[in-house]
Structures are given as C-alpha cells and as structure tokens.
Amino acid sequence: MQMKDTCAIITGGASGLGEATARLFAESGAKVTLLDRDEARGQAVAAELGGTFVLTDVTSEESVQNAVNAAVAAMGKINTVVNCAGIGTAEKTIHKAGAHSLEHYQRILNVNLMGSFNVARLAAVEMAKNEPTEDGQRGVIISTASVAAFDGQKGQVAYAASKGGVVASSLPMARDLSREGIRVMAIAPGIFLTPMLMSLPEEVRQQLAQDVTNPKRLGDPREYASLARFICECGYLNGEVIRIDGALRMQ
Ligand SMILES: NC(=O)c1ccc[n+]([C@@H]2O[C@H](COP(=O)([O-])OP(=O)(O)OC[C@H]3O[C@@H](n4cnc5c(N)ncnc54)[C@H](O)[C@@H]3O)[C@@H](O)[C@H]2O)c1
C-alpha cells in the first residue's frame, strides 16, 4: 500500500510511538485519525498534522465504535490501524503487601491486549468494505507488543502477559482476515525514548542504553514509525512479529 492511499487510525496517537507514527504517516501523504484518551495533546497533534482526533478509550466497545465511525466520516475509509495505546506497570507476583493485585493485572490486560483487539476487530469490519487492490488487499493492522513478550523482567508479569497476547494474536488474526485481504502484524519495540522514559534521570537512561547491544542508545520513536510505514508498504509481510531493539535481550 502506498502512503498516499493510506487512511490510518492510530491509537495512542497523542504521545510517544503513536505520535511519531502519526507524524511520519502524515508527512508521507497519509490521512490520519488519532484515537487517544488525552484530549488536549491529541487535539494539538491532530491539528498540526491536518488530521482528526477522536477522544477514545480503547477498552470500550462504544467509544471505539464511535471513533471508527468518526474516522470513516473524516477520511472516507480506514485501511490501516496502528495500535499504540498502552500502559506500563511494575508489580511482582508476590511482594511485602501480599499477592499481585488482580485488579491491576486485569487493567493492564484490558488496555494493552483487549484494547488492541477491540480496535482491530471493529476497524476490520470497515476495512472489509474497501475495494480490493489488484492483489486482493483491503488493509493492514499493526499492533504494538514489546520485547517483554519474550524476555519479561521482574515485576513485569502483567505487562509481559499482555504483550505476549498481542504477539500470539498476530497469526490467528491474519488467518481470520485472509479472506478479506487484511494483513495483521505486530511490532515488538525494545526501549524507546518516549515521554515515559524521558521522565527518568539522565544516568538511568544512560544505564538502559548500555544494555543495548548496538547501537548503544535508546530507540528513536521515528525508527518505530518508519518500521510501521514499511509494514504498510511491504504487502508480503503478514502474521508475524518484528523486534526493533538494537539486539537488546533483557536480563
Ligand atoms: N516506549 C517504549 O520503550 C516501549 C517499549 C515497548 C513497547 N512499548 C509499547 O508501545 C506503546 C506506546 O508506548 P509509548 O512509550 O509511546 O507510551 P506513551 O505513554 O507515550 O503513549 C501511550 C498513549 O496511549 C494512550 N492511552 C493509554 N491508555 C489508553 C486508553 N485506554 N485509551 C486510549 N488511549 C490510551 C495514552 O494517553 C498515551 O497518549 C505501548 O503499548 C507500550 O506498551 C513502548
């Protein structure tokens, strides 16, 4: 798919990896609709890019259906989804206060895993209505996992489980949507310099960078965005997860 023909909804588009993706896609000629729960930031980014913002909670069926409808109204169609909305956390399976909070565990799975699926499934209904390309293609869904899906660290049991679910969904969803000509991919980032990490002290950031094999630095969100663009453009990528991590393997 060429970027000039791309009509993308980008969740988490108000910040970090989603924002970088929205910027690169818009610069490359795509139409973008940003879905986020951060209204002020989302509106500002969308206005700058000539795109649309829809206040959305990815965990809610009603909210996402409303966002999908608004995106179709604004762009004419949806042929690309980039799922970047997500939350992180740290809690061990047991700790001084007792067992891992079940509510906390459910919240992480709800946003990261169910939220991604909720957007994918409702957007896929719209994508299935698109005119197919010569190659029979109607769209692509890209979700964001994490290297924690493979090498989750202490305190990351809920986060790693949520991201493992995103990885595991790629192939069966690609199979489910093959008849409709919709590809499904996941990206597993290492450690990227997004607002979450920018709040850490410089020495902690340098320490994290030292753990990366090569290059010894944190990922630039624009590198994530360029991989998302490549996945859109390269029509033979499907049902797979791609790590983008400078060969980082977390302890
Ligand atoms: N930054 C990293 O190093 C890194 C590494 C691996 C994976 N990831 C994953 O990449 C994705 C983006 O991370 P980021 O670093 O850009 O984070 P970020 O905090 O900068 O951005 C996440 C965005 O998601 C939005 N969001 C959160 N919950 C939402 C909900 N329920 N509904 C709608 N929007 C919601 C937030 O408002 C925010 O704008 C996340 O899924 C994260 O787990 C990030």
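Start at Gly190 in this predicted model. One of its backbone N or O atoms lies 3.5 Å from an oxygen atom of the ligand.

Next, select Leu17. A backbone N or O atom of Leu17 sits 2.8 Å from a ligand oxygen atom.

Then pick Thr194 and show its side chain. An N or O atom there is 2.7 Å from an oxygen atom of the ligand.

Now select the ligand itself and turn on surfaces. How much of the ligand does the protein bury? Taken alone, the ligand exposes 820 Å², and the protein buries 91% of that. The ligand occupies the space of the largest pocket.

Expand the selection to the surrounding residues. There are 28 of them around the ligand. Ser15, Asp36, Tyr159, Phe192 and Thr194 come nearest. Thr194 is the residue whose side chain you have just viewed, with its 2.7 Å contact to a ligand oxygen atom.

Color by helix. Which helices each supply at least two residues of the shell around the ligand? Helix H1 (16–27), helix H6 (157–176) and helix H7 (195–198) do.

Go back to Asp36, one of the residues that come nearest to the ligand. Follow it away from the ligand and into the strands. Asp36 stands opposite Leu55 in E3.

Select strand E2 (residues 31–36) and strand E3 (residues 52–55) together. The two run parallel, and four bridges join them.

Finish by tracing the chain between these strands. From E2 it passes through helix H2 (residues 39–49) to reach E3. This β-α-β crossover is right-handed.

Terms used. Residues numbered from 1 in each chain as written. Predicted model: local features only at pLDDT ≥ 70, side-chain atom pairs only at ≥ 80, totals over all residues. Heavy atoms only, no water. Pairing = 2+ DSSP bridges. Right-handed = clockwise from strand over helix to strand, strands pointing away. Near = heavy atom within 4 Å. Polar contact = N/O pair within 3.5 Å; in protein donor to acceptor, adjacent residues only side chain to side chain. Areas by Shrake-Rupley, 256 points an atom, 1.4 Å probe, with all protein chains shown as cover. 1 Å grid on protein atoms, 1.4 Å probe; cavity = no way out; pocket = protein on both sides within 12 Å on 5 of 7 lines; lining within 4 Å. Sits in = over half its atoms within 2 Å of the grid points.
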